[in-house]
Each structure stands twice: as C-alpha cells, then as structure tokens.
Amino acid sequence: LEIKSFLFSNVNIMIVRPDGSRLLSLQNALDNVIQPSDLHGLDFFRPGRDPLMREAGIVTVADRVCLAAISPGIDPDTFPHKGYILLESPLNADFAAQLKERIKADVVLYSPKIPLASTFSDDRGEMIFPPGSPPGGSAPFDLQVGGVHYLSTAFPIENIHKQPAGSVRVA
C-alpha cells in the first residue's frame with residue numbers, strides 16, 4: 001500500500017475481509033470519514049449484495065461526506081472471493097483545492113448540516129465560509145465574500161440512494 005500513497009493523494013485505502021472487518025488500511029488523506037466501526041453500516045456491505053460487484057458513490061457518515069469506491073479482491077488462480085479494496089476520498093480542504101484547480105473557480109463544500117471546506121480565505125489564509133446556507137436549485141446568484149461580488153451557483157450532492165448528502169457552491 002505504501003507505493004499507492006504516492007499515486008492516490010487525498011485517498012484512503014482499506015483492505016476489508018469478506019465479513020466486512022478491516023484487515024489493513026493506509027491513511028493518505030488528512031482525515032478519514034469511514035472508520036472501521038462504520039463498515040457494517042455502509043451500503044457496500046448490505047445483506048444480499050453481490051460481493052463481486054464494483055460500486056462507487058457518495059457516502060455520508062455522521063456529518064462527514066466522501067467519495068467511496070469498492071472493488072472485490074479475487075485470487076486470480078482459484079477465483080475465490082478474498083475480500084474488498086475500499087477507496088475513500090473525503091470532501092475536505094484538499095478535495096476542494098483539487099476541484100478549484102480543475103474548474104478554475106472557488107468552491108465551498110457542505111454536508112447536510114455543516115460546512116466542510118472552502119477555497120475562499122481571509123488575509124491570514126484561513127477558510128472563509130460565505131454566510132448563510134447555500135440556496136436550493138442551480139440558478140445563479142450574487143455571492144459577496146470579503147467585499148468582492150461573485151456570480152455563484154449551488155449544486156446538490158446526492159448519495160448512492162439519490163438522497164441529499166450536501167451541496168457544492170461554485171463561484
């Protein structure tokens with residue numbers, strides 16, 4: 001797993017046994033959303049799920065949100081199911097910075113209850129969360145941060161069940 005930390009910035013990797021218990025993990029992000037105690041509550045480990053199916057989506061644990069993907073671990077010689085590889089990328093400051101770099105716009109990430117990360121910063125370099133919660137819908141609106149006006153829009157984030165998992169504000 002150590003070589004993977006170079007290739008997967010802000011991604012945590014967990015090797016999970018077929019019964020859903022953690023075997024090994026590598027934390028490559030500043031934080032973890034999915035803890036070993038949360039594994040059995042994840043939809044990836046629901047009863048009746050095909051253990052050979054790959055799956056990815058938005059996962060919410062408490063007030064935290066992440067992108068998660070799971071893939072089965074198979075012995076290539078005898079084909080028995082050996083467990084899973086679970087990748088997790090928290091929606092945090094690193095994720096927001098990567099998103100800002102790719103879309104060339106400032107970004108604020110929210111869970112349903114709390115702000116998660118922002119690329120807006122004050123003179124000291126600390127994150128600024130624009131006042132008020134993001135409006136529903138994706139209609140553009142005026143956002144004022146530090147005396148500067150931005151044209152902004154908000155997009156909902158949905159989990160793998162199409163339920164609200166937060167929002168992204170782009171300015």
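Me: With which residues is L86 in contact, leaving aside its neighbours within four places in sequence?
Reply: In this predicted model, L86 is listed with residues that have the most contacts inside the largest nonpolar core, alongside I34, L39, L42, F44 and F45. Several of these names return when the neighbours of L86 within four places in sequence are set aside, for its contacts then include I34, L39, L42 and F44. The full set of partners is N12, I13, M14, V16, I34, L39, L42, F44, A69 and I70.

Me: Which element gives the largest share of the largest nonpolar core?
Reply: The largest nonpolar core has 15 residues, and the elements that give two or more residues to this core are β1 (12-16), β3, β4 and β5. The largest share, three residues, comes from β4.

Me: How many residues make up the other core, which lies apart from the largest one?
Reply: In soluble globular proteins, nonpolar side chains tend to be buried together. Here the largest nonpolar core has 15 residues, and apart from it lies another core, whose members include I58, V65, A105 and V107. The number of residues in this other core is 14.

Me: Is S111 buried or exposed, and which backbone oxygen does its side chain reach?
Reply: S111 is found in the loop between β6 and β7 (115-118), and because its relative accessibility is 5%, under the 20% limit, S111 counts as buried. Leaving aside neighbours within four places in sequence, its contacts are with D63, V65, L116, A165 and G166. The side chain of S111 comes to 3.1 Å from its target, which is the backbone oxygen of D63.

Me: Is K82 buried or exposed, and how far apart in space are K82 and A117, C-alpha to C-alpha?
Reply: K82 has its place in strand β5 (residues 81-90), and because its relative accessible area is 53%, over the 50% limit, K82 is exposed. Its contacts, leaving aside neighbours within four places in sequence, are P18, G73 and D75. K82 and A117 are 35 residues apart in sequence, and their C-alpha to C-alpha distance in space is 36 Å.

Me: What phi does A62 take, and is this residue buried or exposed?
Reply: Most residues other than glycine have a negative phi. A62 is not a glycine, yet its phi is positive, at about 55 degrees. The residue lies in the loop between β3 (55-61) and β4 (64-74), and because its relative accessibility is 72%, A62 counts as exposed.

Me: Where is K104 found, and what phi does it have?
Reply: K104 comes just after α2 and is found in the loop between α2 and β6 (107-110). K104 is exposed, since its relative accessible area is 70%. Although K104 is not a glycine, its phi is positive, at about 60 degrees.

Me: Which residue's side-chain oxygen reaches the backbone nitrogen of D94 at the start of helix α2?
Reply: Helix α2 covers residues 93-103. At its start, the backbone nitrogen of D94 has a side-chain oxygen within 3.1 Å, and that oxygen belongs to N92.

Me: How many helices and strands are there in the chain, and in what order do the elements run?
Reply: The chain has 171 residues, of which 39% count as buried. There are two helices and ten strands, and from the N terminus on the order is α-β-β-β-β-β-α-β-β-β-β-β.

Terms used. Residues are numbered from 1 along each chain as its sequence is written. This is a predicted model: local features need pLDDT of at least 70, side-chain atom pairs count only at pLDDT 80 or more; totals for chains, interfaces and linings use all residues. Side-chain values use heavy atoms; hydrogens and water are left out. A polar contact is a pair of N or O atoms within 3.5 Å; within protein, one must be able to donate a hydrogen and the other to accept it, and residues adjacent in sequence count only if both atoms are side-chain atoms. Helices (H or I, at least four residues) and strands (E, at least two) are DSSP runs, numbered from the N terminus. Buried means under 20% relative accessible area, exposed over 50%, partly exposed in between (1.4 Å probe, protein chains only). Contact means heavy atoms within 4.5 Å. A nonpolar core is a set of buried Ala, Val, Leu, Ile, Met, Phe, Trp, Tyr and Cys residues joined through side-chain atoms within 4.5 Å.
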